[in-house]
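Welcome, and thank you for opening the viewer. Please load the model below, keep the selection panel handy, and follow along one stop at a time.

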Amino acid sequence: MARSPVLIYLIVVVFVLLLLSFAPKRPNRPHRRLKLRPAADLSDQTARDRDRRGIPFDPVIADIERRREDREWERAHFLPQGHAPAMEAQPEWEDFMDAEDYINDEERFNVTDRIVLLFPKIDVAPADGFVSSDELADWNLRQVEKEVMHRTQRDMELHDKNHDGFISFKEYEPPSWARRYHDDNATDDKVGWWKEEHFNASDMDGDGLLNLTEFNDFLHPADTNNPKLIHWLSKEEIRERDKDKDGKLNFQEYFNGLFDLIRKEDVYNVTYESDSSTDAPAKRLFSQLDHNNDGYLSEDELIPVIGDLHPSERYYAKQQADYVISEADTDKDGRLTLKEMIENPYVFYSAIFAEEDDYNYHDEFR
């Protein structure tokens with residue numbers, strides 16, 4: 001009978017060891033300090049030349065970055081020089097001297113626990129225990145759409161002078177880089193961005209004012225579903241490349257200005273043996289777009305490839321999802337299990353690593 005407690009103890013130890021052997025393992029690598037992304041340039045941020053930063057995987061990280069960026073926004077646009085912002089309720093992470101202390105405190109922000117929590121929110125179409133590239137892309141898109149709309153709301157607050165919830169063309173002031181460009185090219189009407197035609201194309205209901213959705217389209221036309229704005233984008237592409245000013249593109253204008261931007265082997269079934277062999281596939285694609293066979297590309301004929309010329313947020317969300325899956329998909333079945341995500345946590349948080357850290361990380365652990 002004296003051996004009974006020892007036997008029970010041994011059984012418990014064996015049982016615990018078995019549980020641990022089947023549990024997802026944490027990565028066998030040194031802890032990497034997470035760093036928030038550099039704040040965007042709030043003085044000159046435009047829809048056309050946006051900083052293509054990685055999309056934050058974790059909404060907690062995104063919220064921290066938005067709050068920090070909002071403070072910079074207030075300082076830049078609403079506060080007197082050197083004036084401190086008004087007191088406001090502080091989120092938990094601001095109890096620390098630096099928000100990075102919060103996200104690097106495993107007791108408060110544990111990446112494994114975060115992945116376990118987020119996994120069922122991503123695995124929804126269907127909820128089958130696997131995260132596909134499309135599911136991860138949809139997740140990324142939801143995160144970036146929230147971020148983009150938040151910035152649009154900030155911009156609307158800045159430009160809506162009479163605070164009626166709408167923006168007139170008279171109220172809107174284009175970004176400083178656009179003003180400088182237009183001033184330098186006062187007699188050149190080639191560039192239409194931020195001009196009245198752009199504004200009117202974004203005004204879907206034609207009331208002369210932009211509501212929040214229309215203003216978001218105005219700032220980010222690559223993501224619009226507004227047919228008028230899509231047509232304006234196509235017209236703008238022709239205007240910028242139409243050397244002989246006849247309102248359409250001949251083959252040479254298309255070849256010199258657009259072909260390299262829109263050619264895609266997977267979409268157009270075009271193969272390239274060398275740089276000198278692009279003339280034939282260029283003509284083949286040109287003929288596919290030239291529906292009326294008149295030897296020119298019109299505004300309407302350019303619309304099918306406008307998404308190649310102006311990639312949407314969905315394109316970038318899918319691109320990032322494919323990359324992450326290629327890095328974390330250990331068994332190479334094209335999808336991720338919870339175990340694979342837990343064993344590769346830093347892949348999902350790579351958007352907030354410094355560039356030099358990314359370089360060292362890939363060199364050391366790939």
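The tour starts with the whole chain and then moves to smaller selections.

**The whole chain**

Begin with everything shown as a cartoon, and keep in mind that this is a predicted model. Colour by secondary structure, and you should find 19 helices and 2 strands. The chain has 366 residues, of which 40% count as buried. Now switch on the surface: the chain exposes about 20900 Å², and carbon and sulfur atoms supply 53% of that area. Contacts tell another part of the story. Among those between residues at least 6 apart in sequence, 67% join residues at least 24 apart.

**The annotated domains**

Next, select residues 196-225, 235-264, 277-312 and 316-351, where UniProt, in an unreviewed entry, places the feature "domain: EF-hand". Zoom in on residues 196-225: this span is 50% helix and 0% strand, and its end C-alpha atoms lie 20 Å apart.

**Helix α16**

Select residues 313-328, which form helix α16. How many residues does α16 have, and how far does it reach? The helix has 16 residues and reaches 22 Å from its first C-alpha to its last, close to the 22 Å expected at 1.5 Å a residue.

Show the side chains of Glu 313, Ala 317, Ala 321, Val 324, Ile 325 and Ala 328, which are buried. These residues sit on the same side of α16, because they cover an arc of only 100 degrees around the axis. To see what they pack against, add β1 (131-132), α5, β2 (335-336), α17 (338-343) and α18 (345-348).

**A bridge between two helices**

Opposite charges are the next thing to look for. Side chains of opposite charge can pair when their charged atoms come close. The whole structure holds 19 salt bridges.

Stay at α16 and pick Arg 314, which forms a salt bridge with Asp 138; the closest N and O atoms are 3.3 Å apart. The pair links distant parts of the chain, since Asp 138 belongs to helix α5 (residues 133-159) and lies 176 residues from Arg 314. Are these partners buried or exposed? Arg 314 counts as partly exposed because its relative accessibility is 48%. Asp 138, at 30%, also counts as partly exposed.

**Along helix α5**

Move along α5 to Arg 151 and Glu 147, which lie 4 residues apart, about one turn of the helix. They form a salt bridge whose closest N and O atoms are 2.9 Å apart. Both Arg 151 and Glu 147 are buried.

**A pair by β2, then a network**

Now select Arg 335 and Asp 333, another salt bridge, with the closest N and O atoms 3.1 Å apart. Arg 335 is partly exposed at 31% relative accessibility, and Asp 333 is partly exposed with a relative accessible area of 34%. Then select Glu 69, Asp 70, Glu 147, Arg 151 and Arg 154: salt bridges that share partners join these residues into one network.

**Last stop: Ile 122**

Finish at Ile 122, in helix α4 (residues 111-122). Its relative accessibility is 1%, so Ile 122 counts as buried. Which residues does Ile 122 touch, not counting those up to four places away in sequence? Select Phe 57, Val 131, Glu 135, Leu 136, Trp 139 and Met 341 to see them. From C-alpha to C-alpha, Ile 122 and Leu 136 are 6.4 Å apart in space, with their positions 14 residues apart in sequence.

Note on methods:
Residues are numbered from 1 along each chain as its sequence is written. This is a predicted model: local features need pLDDT of at least 70, side-chain atom pairs count only at pLDDT 80 or more; totals for chains, interfaces and linings use all residues. Side-chain values use heavy atoms; hydrogens and water are left out. A salt bridge is a side-chain nitrogen of Lys or Arg within 4 Å of a carboxyl oxygen of Asp or Glu. Buried means under 20% relative accessible area, exposed over 50%, partly exposed in between (1.4 Å probe, protein chains only). UniProt positions are given in the numbering used here, feature names are shortened, and annotations may be inferred rather than shown by experiment. The expected span of a helix is 1.5 Å times one less than its number of residues. The arc is that of the directions from the helix axis to the C-beta atoms. Contact means heavy atoms within 4.5 Å. Accessible areas come from the Shrake-Rupley method with a 1.4 Å probe; for residues, only the protein chains shown count as cover.
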